[in-house]
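Dear colleague,

Please find below the structure that I am handing over to you. My findings follow directly after it.

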Amino acid sequence: MPAQWLIGNWKMNGSMDSNAALLTEIRQVSGSAKMAVAVPHPYLSQARDALSGSEVQVSAQNLSAFEKGAYTGEVSALMLCEFGVKLALVGHSERRHLFGESDEVVAAKTIAALNARLTPVVCVGETLTEREAGNAKEVVLRQLNAVIDGIGAERLSRCILAYEPVWAIGTGKTASPEQAQEVHGWLREIAVQSGAAGVSILYGGSVKANNAAEMFAQPDVNGGLIGGASLDANEFIAIYQALC
Ligand code: PEP
């Protein structure tokens with residue numbers, strides 16, 4: 001059985017004060033599902049300390065594809081490990097579309113994470129134009145296969161996958177549970193072929209407390225990657241409760 005996960009993605013939000021309040025609330029959650037929060041790099045040590053002794057893990061939102069060296073502004077996987085980070089998002093659509101990260105770069109970052117024993121949360125998803133052109137399957141499978149080609153099929157089971165349709169991120173427009181399940185089914189098929197049937201596949205895109213339960217009831221939806229709603233402790237905890 002795939003592990004159930006709820007991962008909050010704070011994006012470029014937060015302050016020492018607002019983080020402290022949010023972390024104090026979410027560190028109290030307990031339930032059958034795993035939880036992590038992906039915080040901006042400067043707040044990693046704050047999150048590690050505030051979540052110490054709790055079940056909630058710390059994730060990075062990004063990492064460098066390189067190990068070390070003359071890469072100004074980059075943060076390596078091993079540096080993240082020194083701050084208690086256990087997971088790292090890779091291939092989030094904002095990285096792909098706003099910062100030009102190609103499938104090859106996403107694969108290289110996934111390799112860097114795995115080599116440092118971090119769990120990469122590999123995000124895939126199609127744009128609205130791609131969906132309307134009937135290309136959703138081709139796009140998400142191309143994105144996933146690029147990662148599998150890079151890491152080798154045998155390491156896919158050490159990843160978490162997240163399907164995040166670009167048209168649903170931060171738009172208030174969520175995929176229907178049936179649309180999500182269809183894509184998760186395609187991803188599961190590739191995972192099974194790769195010997196990673198038990199990989200967790202999360203859905204992300206405008207999940208809120210009022211639509212989470214029906215999404216999580218889909219057979220191949222093993223939890224959520226939550227953006228905006230993860231900044232509100234009550235909402236995030238309510239989503240977690242819908243998963244447990
Ligand atoms: C995300 O950023 O990964 C995300 C799913 O955002 P939102 O929940 O705000 O749509």
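In this predicted model, helix H1, covering residues 16-26, and helix H10, covering residues 233-243, have axes that come within 10 Å of each other. The two axes cross at roughly 30°. Since angles under 35 degrees count as roughly parallel, H1 and H10 are therefore roughly parallel to each other. Their crossing is right-handed.

On the side of H1, the contact is made by Leu22, Glu25 and Ile26. H10 contributes Ala233, Asn234, Phe236 and Ile237. Sorted by class, the residues in this contact of H1 with H10 are 5 nonpolar, 1 polar and 1 charged.

Turning to the chain as a whole, its secondary structure consists of 10 helices and 8 strands. The C-alpha trace spans about 45 × 45 × 30 Å along its principal axes. For a chain of 244 residues, a compact globule would be expected to have a radius of gyration near 18 Å; the value for this chain is 17 Å, and the two therefore agree.

Two further values describe the chain. Of its 244 residues, 54% are buried. If one takes the contacts between residues at least 6 apart in sequence, 72% of them join residues that are at least 24 apart.

When you open the model, I would suggest starting with H1 and H10, and with the residues through which they make contact, among them Leu22 of H1 and Phe236 of H10.

With kind regards

Notes. Residues are numbered from 1 along each chain as its sequence is written. This is a predicted model: local features need pLDDT of at least 70, side-chain atom pairs count only at pLDDT 80 or more; totals for chains, interfaces and linings use all residues. Side-chain values use heavy atoms; hydrogens and water are left out. Axes are lines fitted to C-alpha atoms, for helices over the stretch in contact, and angles run from 0 to 180 degrees between N-to-C directions. Helices (H or I, at least four residues) and strands (E, at least two) are DSSP runs, numbered from the N terminus. Angles under 35 degrees count as roughly parallel, over 145 as roughly antiparallel, 65 to 115 as roughly perpendicular and the rest as oblique. A crossing is left-handed if the near helix is turned anticlockwise from the far one by less than a right angle, and right-handed if clockwise. Contact means heavy atoms within 4.5 Å. Ala, Val, Leu, Ile, Met, Phe, Trp, Tyr, Cys and Pro count as nonpolar, Asp, Glu, Lys and Arg as charged, and the others, Gly among them, as polar. The radius of gyration is taken over C-alpha atoms; the globule rule is 2.2 Å times the number of residues to the power 0.38. Buried means under 20% relative accessible area, exposed over 50%, partly exposed in between (1.4 Å probe, protein chains only).
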